[in-house]
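Got the model open in your viewer? Let's walk through it one selection at a time.

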Amino acid sequence: MPTHKFTLILFIVYIVLFCLFIFIRYLVKSGKIKNCNNFISSLKTGANHFQAWLQAIVLRNESEVCEPEIDDIVAHKTPAYLLFALLIASIGQIAFSIKIIWLGILLYGIAAIFTFLHILCSESSNPPKNAIRKRTEMIILIFIIVIAVFSRFYLLMDKPYGYEADGARVAGHTYFAYFAHEPGEMDIHFDSQPTAFFMQYLAMLIGGISFTSTRVLSASMGSLSVFLFFFILRRLSGSFTALYGTFFYAVGFTALYAARQTHIETAIEFWVLLTYFLLIEAIHRKKRIFLFLSSLSTIAGMLCFESYYMTPIIVVSFLIWITFKEKQKIIALVKDLAFYILPMLPIVPLVYEYSMKRADYHFEPMEFHAAGFNLSPFLSKLAFMWVSFLESMQTLFYEIRYTDSLLIWPGPMINPILLPLFVIGFILIISKFKKNSFIFLAIWFVLQYFPFAVLGAPYPRVLYPGLIPVYGLAAFGLFAIIQSISKFNWQYSSIFISFLLLLFTGSGWFIDQNIFWTKVFDPEGRQKRHEQSDLIMEGLQTSPVLYLPYIPNTIDDIPKDKSINNMSAGAVVGPEHVHDALHLLPMSELLAAISTDKPYTSVSFLFEKHAVEKVEQRQMALSTLATCYPEQSVQNGRFFDLITIYSLNQNVCYSLYPATLIGPGLDLEPSAAVPITFIWQFSSENSLSYQIAIEQKPPAAIWIEAEIMTDHGGWFKDTIFVDDYSGIGYLTDSWQSTETDTFFTVKESETYHIWVKSYKRVSNDQQNFLAIDHQNPLPFASGGEDVFYKWIWEDIGQMELIEGEHDLTLSRTYGNDNHFQVFIDEIAISSDPDFNPNLTAEWQPGYQTETLPNAAVQSFDLPQTLEPGHYRWNLTLIDGDQLVDWQGNVGVTSPFMEFIISR
């Protein structure tokens with residue numbers, strides 16, 4: 001049985017058992033069952049034997065099973081149930097760790113049942129008293145805060161070493177908006193959610209333009225969050241729970257990792273805790289000024305990121321709960337809500353506008369994946385929510401479902417030693433929800449952790465604000481266990497309790513540190529960004545110009561990291577000089593750029609040495625540079641080499657930018673009877689020669705460029721994902737594109753073979769069709785992995801076509817796949833049964849001139865006419881063997897320009 005179905009069955013069973021527990025609880029309260037001993041003795045004989053065994057082994061022959069008159073939520077004379085719950089839950093957590101999921105779920109369910117039995121045997125509803133002497137409490141708190149601060153600042157720039165992509169973009173946008181005064185990459189967030197950007201701006205004003213400043217800000221806010229968390233717990237429960245919960249939070253590996261990054265969603269942590277701290281203070285002190293301050297904190301949080309949005313709902317829910325708990329008048333609640341809600345009204349339009357912009361982002365996963373369930377739309381969404389709920393539970397208990405910017409490691413999102421305690425503490429708290437103010441942590445956890453998760457976002461960074469109360473609930477569970485043990489009539493119970501506390505403290509700390517320092521890792525992409533930033537700053541400290549070369553249409557990281565590049569350069573040369581000092585350019589232009597930068601005495605550039613695409617071309621470019629400019633120095637990094645070139649005027653060879661072709665082009669069709677004039681633009685101090693080459697497409701086919709079909713049905717031309725296409729690009733779809741078409745003409749009525757050139761990246765369940773005159777659509781691009789990541793010519797069938805004009809249509813159907821999966825470059829239609837573009841060169845050599853003098857004339861009259869057809873031409877600049885291109889070939893050749901000769 002699939003795990004999610006098994007879990008659903010167990011979930012229903014647990015709900016039934018919980019309802020049964022409520023019913024039995026009612027019977028006990030109403031006096032229909034006098035005590036737990038009478039009730040349990042009425043169960044089956046086997047259960048009685050099991051109880052007797054428990055009493056003999058665990059209870060040391062205690063005569064009474066429970067005594068409901070003891071006024072304590074967790075402490076009575078029957079500790080066995082809670083201890084047995086801890087034992088079973090711990091074994092369940094071990095089952096999770098070894099990936100026996102069904103057993104872990106089952107054992108945790110049994111542990112929950114024993115916890116319910118423990119509650120059933122307790123009549124009290126008052127919270128436990130866990131006070132510690134004030135002086136001792138403060139000493140321990142100071143010790144915990146020191147640990148928290150040290151853990152967040154120690155080796156701050158080395159762990160994690162790398163820069164997370166979104167975090168770098170946020171810091172980069174802060175730099176662009178406040179320092180460079182240019183458009184950045186995150187306008188949608190900056191315009192509507194400015195809090196995190198403004199905080200980073202203040203950090204950079206104080207600490208300078210750098211990622212160090214933003215990390216110091218995060219670590220500082222994380223340390224303050226620990227301090228606030230203590231006082232929240234202190235007000236809700238008492239010293240013991242507050243100190244232990246704060247300690248778990250202070251050393252928690254997830255909290256440490258969050259405090260060392262600059263991502264927007266980890267900044268939420270501080271605003272959530274500040275809001276709740278002020279809320280609890282308002283309730284405790286009975287002063288509404290704190291509600292007003294909590295509202296101001298909520299404004300800052302609401303303008304930080306949408307993962308904060310559940311916080312005001314939690315605040316309002318708790319205010320309502322407090323009103324009914326303390327039996328206050330409704331007018332008091334109205335005043336409380338007014339002090340909290342009214343100050344937020346000015347930001348409502350901004351938050352609403354931003355929410356609408358992000359709605360598709362949050363609801364698209366549900367719409368997308370719900371289609372995979374063979375149910376009604378409503379039930380499909382429910383099924384999707386159930387699966388997402390399970391994924392969030394998976395992330396919490398045994399393995400992060402979707403690792404992301406916050407946390408990457410193959411385990412649960414929290415220290416696994418705390419999870420059994422958390423479950424026990426959570427059940428104990430919700431069982432006493434009527435009078436126990438500690439229920440706030442349960443409300444916080446449920447309403448913050450699950451809403452975004454069930455919408456399909458069980459990512460650590462999204463769930464993180466809801467994870468914080470888990471530390472407090474685990475501390476409460478630990479206190480409940482200690483209270484139960486203390487009721488044993490045992491000479492050494494105090495020694496055992498001390499040993500147990502030290503064990504949990506030491507082992508918890510060790511596990512968190514071990515996970516943080518040895519298990520959680522940085523992806524190479526993040527590490528590359530850090531090294532890239534360091535080398536950019538170092539390069540600009542030694543040279544006035546730094547080049548960042550890349551190869552287009554590859555997965556090179558350099559062109560993607562505008563934030564890293566410009567912010568790092570701005571830290572050295574100042575934001576106003578970045579455009580003069582830093583140049584991002586295709587690698588094919590690097591040698592030309594260096595050759596034209598004669599005023600400089602030296603230039604530097606980064607070479608991405610572990611790139612996996614077009615490695616030979618990269619190495620040839622590096623070799624050519626070394627040949628032309630032999631006076632170089634190289635600083636080797638792990639991912640990049642920083643290469644500095646000196647004595648630019650003492651070069652062995654050089655390069656230039658190619659000539660710009662003016663025409664003829666596809667926008668003009670010269671007649672076959674008219675001589676053709678080729679025109680180009682070129683400027684150089686050198687007197688250069690040139691050659692012109694002309695190529696023709698085989699006349700055996702009608703050639704149709706797919707990218708000309710761009711004005712219908714959401715399809716569009718693109719060039720960024722792949723190269724080696726013909727024409728000016730290729731055709732791809734946007735989300736749920738429909739049809740796009742064009743027209744072509746055949747000269748004779750015959751049988752024509754249809755060929756399509758496409759490029760596929762991944763397996764998917766979409767279907768692509770080509771139809772002529774809207775009849776008999778032919779499928780294409782349906783192959784598997786053997787045709788991935790390369791252009792493929794495919795014979796998709798044949799049709800009888802009559803002389804004249806025909807309509808060619810491309811369409812696509814969608815299943816569960818995404819868009820941008822298949823690119824379409826060209827269609828060939830031929831009546832020649834032997835025609836095969838896989839065996840025939842797509843372009844055949846035509847006319848080529850001799851080497852002609854004086855390229856500066858910028859025009860050439862072809863001495864002969866050309867037959868009608870599809871052609872392309874280019875121009876090569878020549879200066880003996882001194883002028884070379886980036887690959888070391890003699891001469892610099894322009895890109896091709898296509899043209900068509902009409903009749």
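Before the first stop, a word on pairing: two strands pair here if DSSP finds at least two bridges between them. The model you are looking at is predicted.

Start by selecting 677-681, which is strand β7. Three bridges join β7 to β20, and the two run antiparallel. Pick T677 and you'll find its bridge partner in β20, D861.

Now add β6 to the selection: the three strands make an open sheet, ordered β6-β7-β20, with antiparallel pairing. β6 (660-663) and β20 (859-861) sit at the edges with a single partner strand each, so one side of each has no neighbour in the sheet. Neighbouring strands here are turned by 25° against each other on average, direction ignored.

Next up, salt bridges; the count comes to 21. Try K286 and E326, whose side chains meet at 3.6 Å, N to O. K286 is in the loop between α13 and α14, and E326 in the loop between α15 and α16, so this pair ties together parts 40 residues apart in sequence. K286 is exposed, at 61% relative accessible area, while E326 is partly exposed at 33%.

Hop to helix α17 (residues 348-370), where K357 and E353 are four residues apart, about one helical turn. Their side chains form a salt bridge, again with N to O at 3.6 Å.

Then select K697 and E705: buried or exposed? Both are buried, and their side chains meet in a salt bridge of 3.4 Å, N to O.

Last stop: show K134, E137 and R234, which salt bridges with shared partners join into one network.

Conventions
Residues are numbered from 1 along each chain as its sequence is written. This is a predicted model: local features need pLDDT of at least 70, side-chain atom pairs count only at pLDDT 80 or more; totals for chains, interfaces and linings use all residues. Side-chain values use heavy atoms; hydrogens and water are left out. Axes are lines fitted to C-alpha atoms, for helices over the stretch in contact, and angles run from 0 to 180 degrees between N-to-C directions. A salt bridge is a side-chain nitrogen of Lys or Arg within 4 Å of a carboxyl oxygen of Asp or Glu. Buried means under 20% relative accessible area, exposed over 50%, partly exposed in between (1.4 Å probe, protein chains only).
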